Amino acid sequence: MEQLLGAQQQRQQHHQPHRSLSPRTPTRPHLQHIPSNRFRDHHHPQPHAGLRILRITPPFFLLLLAAVYLLASFTILSAPAASLRPAKNPNRLIVPMPPPSPDLFELDNGRIRARISNVGATVTSLLVPDKNGVLGDVVLGFDSLDPYLNGTSPYFGCIVGRVANRIKDGKFTLNGVQHSLSINSPPNTLHGGFKGFDKVIWEVTEYNKGKTPSITLKYYSKDGEEGFPGNVSVTARYSLLSSMALKLEMEAVPLNKATPISLAQHTYWNLAGHSSGDVLAHSLQIQGSQITPVDETSIPTGEFMPVSGTPFDFLTENEIGGRIDQVPGGYDHNYVLDSGEVRSGLQHVAKVTDPSSLRVLNIWSDAPGVQFYTGNFVNGVVGKGGAVYGKHAGLCLETQGFPNAINQPNFPSVVVHPGEKYIHTMLFDFSTK
């Protein structure tokens, strides 16, 4: 079992951040020089004819020049508006747009209330009622945006990418080309590298209030960013439904090259309240009968291990802390999701229940796997309202493609080609017991 689980003592790196338009310039009409007759026959002067030419030619020349200018002016002034469009010049000056500023946006449907930041498309707060109707904040986070910006947040509430989880040795080969990535969790790449999607400022393209409020954020990931190939346009849309549910729709479109894409939402949940202590008393059910065991650097071996009879068995509801001591370092594993109950095209992933507040969270998704993580490396993080988050202060259920899938041919592929669209949807449905 120890070989299958991996040596968890060396996993200290996981979930810890390391650190126009150009104006058209009208072209002036080309004026051809017309030589005057007075410069002719310079070596054989003819006095009388010369005098006649000098008297006649200058006025004629001036009249001709004036006519040319009048004609040119008329042409420019009467040009149609369409001619004012920028020329299709590949070398034209591009005026860069100012980058978006860090900000917070609130979604409120009268039952639950969320705060979303355009920094990392992050859920910083989510207020949900308990059994008595009292609202409580059920996600770990910070009051200030600074920790999200400077990289000291342990991925609280953000979207991670271009590829979530780990890529072995930060390398992969695609279409015969080897790509080397940023190594931010030695010896591997974790959650997209040093500056993944969680640490960039997304553009807010739509923000709607009302009974079903929503916010849409976009990010343009450039070719070579953290070593990944190709330009990718990414969109994330959060919305509160009429019920007590938060929906997240993620899309990504590669624009010019094939590239791996696997996004994940990395919220740390504590249904008793973000400042209530650890989540070991929460009960959990995961619709996954297998996990992908890992090596000593937390990279999947490529095998599939049944969970039955092991501390990874959450096919029926079990207390998270009941067997966690049998898992060196705590839970941080990818579950292979089974085909089960389906709702609006999404399959049931997991159910979490807090025995004190009786809040219940059901998660639905269309991803093939889910990473169950128990905040093993959260230690003394000062969060919202001065709350100190310790070990196991929150749990993560990150639906995703399998870790290191780009290097494992027997895992579901995470490669997306130009002309294709990556789609990943999640539904967080709250209720009380």
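# Asking why: cavities, cores and odd backbone angles

Analyst: In this predicted model, the lining of the largest cavity splits into five nonpolar, three polar and two charged residues.

User: Which residues line the largest cavity, and what is its volume?

Analyst: The volume comes out at about 60 Å³. Around it sit Thr122, Pro147, Tyr148, Gly151, Ser153, Tyr155, Phe156, Cys158, Asp198 and Lys199. Asp and Lys count as charged, so Asp198 and Lys199 go in that class. Gly counts as polar, so Gly151 goes there.

User: What makes this a cavity rather than a pocket?

Analyst: A 1.4 Å probe fits inside but cannot get out, so the word is cavity; a pocket would be open.

User: How does the second largest cavity divide by class, and what else is known about its lining?

Analyst: By class there are two nonpolar, five polar and three charged residues. Of the 10 lining residues, Asn165, Val294, Ser298, Asp332 and Gln371 lie nearest the centre. Strand E20 (residues 332–337) gives the largest share of that lining, three residues, and the volume is about 50 Å³.

User: Why is threonine 374 called buried or exposed, whichever it is?

Analyst: Buried, because its relative accessible area is 0% and the cut-off is under 20%. Threonine 374 is in the loop between strand E24 (369–373) and strand E25 (381–382). Leaving out residues up to four places away in sequence, threonine 374 touches Ile320, Ile324, Gly330, Tyr331, His392 and Gly394.

User: And glutamine 347: what value decides its label?

Analyst: A relative accessible area of 15%. That is under 20%, so glutamine 347 is buried. Glutamine 347 lies in strand E22 (residues 346–353). Aspartate 366 is 19 residues away in sequence, yet the two C-alpha atoms are 6.1 Å apart. Beyond neighbours within four places, the contacts of glutamine 347 include Leu337, Val342, Ile363 and Trp364.

User: What about threonine 216: buried or exposed?

Analyst: Buried: 9% relative accessible area set against the cut-off of under 20%. Threonine 216 belongs to strand E11 (residues 214–221). Among its contacts, neighbours within four places aside, are Val204, Thr205, Thr235 and Ala236.

User: Why does leucine 358 get another label, and what is it?

Analyst: Partly exposed, because its relative accessible area is 22%, and that label covers values between 20% and 50%. Leucine 358 sits in the loop between E22 and strand E23 (359–365).

User: What makes the phi of leucine 358 worth a remark?

Analyst: Phi is positive, about 60°, although leucine 358 is not a glycine. Most residues other than glycine have a negative phi. Histidine 191 joins the list, with phi near 50°. Histidine 191 is in the loop between E9 and strand E10 (203–208), and it is buried, because its relative accessible area is 0%.

User: How do you know where the cis peptide bonds are?

Analyst: Omega shows it. From glycine 161 to arginine 162 the bond is cis, with omega about 15°; from proline 186 to proline 187 it is cis too, with omega near 5°. Most peptide bonds are trans. Arginine 162 is in the loop between strand E5 (159–160) and strand E6 (166–167), and proline 187 is in the one between strand E8 (177–180) and strand E9 (189–190).

User: Why do E1 and E2 count as paired strands?

Analyst: Pairing needs at least two bridges. E1 (residues 104–108) and E2 (residues 113–117) share five, running antiparallel, so they qualify. One of the matches is leucine 107 with alanine 114. The two strands form a hairpin with four residues between them, and glycine 110 in the turn has a positive phi of about 90°.

User: Which side chains of E1 point to the buried face?

Analyst: Phe105 and Leu107; Leu104, Glu106 and Asp108 point to the other face and are not buried. That fits the general rule: in a regular strand the side chains alternate between the two faces of the sheet.

User: What makes a group of residues a nonpolar core, and how many residues does the largest one have?

Analyst: The members are buried nonpolar residues joined through side-chain atoms within 4.5 Å. The largest core has 60 residues, and Leu126, Trp202, Tyr238, Phe372, Leu397 and Phe430 have the most contacts inside it. Strand E12 (residues 232–240) supplies the largest share, five residues. Another core of 15 residues lies apart, with Leu145, Tyr268, Tyr389 and Cys396 among them.

Notes: Residues numbered from 1 in each chain as written. Predicted model: local features only at pLDDT ≥ 70, side-chain atom pairs only at ≥ 80, totals over all residues. Heavy atoms only, no water. Buried < 20%, exposed > 50% of the residue type's maximum accessible area, 1.4 Å probe, protein only. Contact = heavy atoms within 4.5 Å. 1 Å grid on protein atoms, 1.4 Å probe; cavity = no way out; pocket = protein on both sides within 12 Å on 5 of 7 lines; lining within 4 Å. Points joined across faces, edges and corners; volume = space filled by probe spheres on them.
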